[in-house]
Amino acid sequence: MRQCAQPPENQPDPTAMLFERISHAGRADALAEVDGTVRFDLNLGDRIDSWLLIVQRGQISVTHGGGDADCVVELDKDLFDRMATGHANAMTALLRADMMVTGDVKLLVLLERLLPGPAKAHGPRRTVGSRGAG
Amino acid sequence: MKEEPVRILDGNTFVVSNDRGDVEFDPSVPTGLFSYDTRFLSTWTLSVNGERLESLAVDDLQYYEAKFFLSPEAETLYPNSRISIIRHRWVRQTMEERLTIINYDQMPVSLTVRVDAASDFADLFEVKERVTKKGSTFTRIEDGALILGYRRGNFHRRTVIRPDPTARLDERGITYNVTLGPQQTWVTEILVEPRVLTRSGRDVREQLEGLSVTRTQTDRDLDEWLNRAPRLRTSWQSLEGTYQRSLVDLAALRFAPLTAPDQGLPAAGLPWFMSIFGRDSILTSLQSLPFVPELAAATLGLLGTLQGSRLDDFREEEPGKILHEFRYGESAAFEEQPHSPYFGSADSTPLFLVLLDEYHLWTGDDDLVASLEHRARAALRWIDEYADLMGNRYVSYQRRNDQTGLANQCWKDSWDSISYRDGRLPGPARATCELQGYAYDAKMRAARLAREIWGDVGFAQRLEREATDLKRRFNQDYWVEDGEYFALALEADGSKVDALSSNIGHLLWSGIVDASRVQSIVDHLMSPRLYSGWGVRTLAAGEGRYNPVGYHVGTVWPFDNSFIAWGLRRYGYKEEAARIAQGILESAEFFEGRLPEAFAGYDRELTRYPVQYPTACSPQAWSTGTPLLLLRTMLGLEPIGDHLAVDPALPTNIGWVGLLDIPGRWGRFDAFARGRGESLVPVVSRFRG
């Protein structure tokens, strides 16, 4: 078991970078009320790359490797790479069965808050230049 | 199909058939076995000796089971049918069917009994058309079961049909050869399993905690549900029936979502809206709090878990926002529809906060309020940071999913619901008035929770300052001087969308109306332009777009009226609240106690009976909750600290009412009231252990 290993190759590994970021932050207010462990088993074809997240009241520790978890999520590494960069959505991956969950699915739903939103999102359209009413 | 379809269900698994129990393509009334927003059977027809059957009677015993009494069609000329067929069907996540055939003849008979089966695996959003699927279907016979399947990538749905071993299977159905002697009976059972498969080939429900495929809402469960709810005794007999109907329908509407499989929260409506809807689940939970508070707890927990956390234009998600609709079907999975979940509603977030406080007032459940503090703070941030699209500190909406998003993101969500007096539609950014009321109420209520539970007095003071300022501005900016009421909405340029609507009643419920303006609002609500005699119309007669049978532009919505009655009570207008309650509850008598979603806005004098608005869903959750909230308003039930205050004002047609065992932080409490013409007094109320 390695602590947050660097990606083995030279090009950036979006999955490793995401878990680095989460590990570095150490805390997520979005998970302030959450306790539990989630393991991501990422399929690389010839092997499984596992990441274990332990959440205790918003404090998060990340381990690159296996271990028991309340919720186990299995998917292709490619797909998780796309989730890690906001190019794929975890919930629809689950609904399409491109991602498989065993155990407490609620934890996955909560941890989805750590994933970035769509890369091209603009957010609400603000109506600028109105004379307003207030 | 001319006759009413027969619907039975368990959670979001349901069967819609004709009165023979058959399922087949019908463009006007979609039929089938549905589960998780997918149709698993689109053909399911019974025939005997090649002949379809005739319906003699249907007994829909409970919401999860029905019995169809059938005879061969050729025998309609012979009233003393020699063969009786009973098709008994029930839904418990799976569909089970028991066929019984009885030979009443003196002679033996030989019968070929046939069930034809097929599935198009249509998404719930495709059921009204014959669709061309993007994936591929297959049929196979395996281990004594007929398997119908559909695959699109890893998306895999199967219908597994298991008859008993005497059946002969082919790819289009099941055949039995039956020989019956005189007075002999033949019985067989068929199990139909709708399966949502993962890549490992297991059913997704087997892999999730808290949800097993055998979990059921059985007779015992329904009995316990009814026993837990308060008992109603009243001189108005039909009101007791309406109350019972509401409780049973609420039980049927409970729905355990995949993301929180151990909880039951109210879905929006049967059968097409058996899903999580933020607004509908919250409003129904508010209506039913004094009766079945567990619905509110489940709603708060689940909506908090699924709270928005990111910016997403397709789903119209923002951090802190509470969702609008969640679906599990193929169109959501492949992002052809945004319901994964979709966040296009501007009111579910403030209403979430209103429910949190009201739930706490009734139950005293400090733990839940404490555990949702972060969710509540995020919701409050959403109101300030993301809902103010116009830069004027009002909550407004404008869709950014132009293909599949909603143009109106308030409860009146049809395209033409928000208009000027002259019928013009405003620009796309709209700040409807009731949203400001909800935001005001949300901040006032959150301030109480901040002070009493979260221990943050500074935050409480800030929220109260903001709410007070909002109320002051609102009463200036929305007031339509020449009509003396509040505008339906503001446009981005500050123009008042000046139609007179039922939304002003929601403002009373929220408490945002200045004391000096209350009387004119009440006068408008009870005026002939808005009040039809049955209830308050969504849009006043005489407005440009008024149409007594227009969905949100003239019909009367029972749920709308229940919140208006609550608003009238809030400002002390007891008699008016009782009039609203009376009209709506009298209309329920025409629907055997099951209030429709809406009925026409015709004057009561004109039609003498309420004309139902034709919709596919019944019961509708917030119509089901309406009699409960009206009971609360007519008894004047208000939780005050550890006590329940009772201040009744009964409609003039009610002699007396007793509501026994009202649950809450006081334990159980009985409330009694007697109507005496116009002066109304409580008889006696008492606490129980």
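The paragraphs below lead through a predicted model, beginning with a strand of chain B and ending with a single residue of chain A.

Strand β2 of chain B, which spans residues 13–17, is a useful place to begin, since this strand is mostly covered, with 5 of its 5 residues buried. Its side chains are divided between two directions: Thr13(B), Val15(B) and Ser17(B) point one way from β2(B), while Phe14(B) and Val16(B) point the other way, and all of these residues are buried.

The strand has partners that can be followed in turn. Strand β1 of chain B, residues 6–10, runs antiparallel to β2(B) and is joined to it by 5 bridges, and within this pairing Asp10(B) has Thr13(B) as its bridge partner in β2(B). The hairpin that β1(B) and β2(B) make has 2 residues between the strands, and Gly11(B) there takes a positive phi near 60 degrees. Strand β3 of chain B, residues 32–35, is likewise antiparallel to β2(B), the two being joined by 3 bridges, with Val16(B) standing opposite Gly32(B) in β3(B).

Elsewhere in chain B, 12 strands form an open sheet with antiparallel pairing, in the order β11-β12-β13-β16-β9-β8-β7-β6-β5-β10-β15-β14. At the edges of this sheet stand β11 (136–142) and β14 (168–170) of chain B, and because each has a single partner strand, one side of each is left without a neighbour in the sheet. From one strand to the next, the twist averages 20 degrees. Inside that order, strand β6 (residues 51–62) and strand β7 (residues 65–72) of chain B pair over 7 bridges in the antiparallel sense, and Val58(B) stands opposite Phe68(B) in β7(B).

The two chains also meet, with 36 residues of chain A in contact with 45 residues of chain B. On the side of chain A that touches chain B, the elements giving two or more residues are α3 (90–95), β5 (99–103) and α4 (105–111) of chain A. The residues of this side of chain A divide into 15 nonpolar, 11 polar and 10 charged.

Within chain A, Asp35(A) lies in strand β1, which covers residues 35–43 of that chain. Asp35(A) counts as partly exposed because 13 other C-beta atoms lie within 10 Å, whereas a buried residue would need 20 or more and an exposed one 12 or fewer. Leaving aside residues up to four places away in sequence, Asp35(A) touches Val55(A), Gln56(A) and Arg57(A). Thr127(A), by contrast, is 92 residues apart from Asp35(A) along the chain, and the C-alpha atoms of the two are separated by 40 Å.

Methods. Residues numbered from 1 in each chain as written. Chains lettered and ligands numbered in written order. Predicted model: local features only at pLDDT ≥ 70, side-chain atom pairs only at ≥ 80, totals over all residues. Helix = DSSP H or I, 4+ residues; strand = E, 2+ residues; numbered from the N terminus. Pairing = 2+ DSSP bridges. Contact = placed C-beta atoms within 7 Å. Nonpolar A, V, L, I, M, F, W, Y, C, P; charged D, E, K, R; others polar. Axes fitted to C-alpha atoms, helices over the stretch in contact; angles between N-to-C directions.
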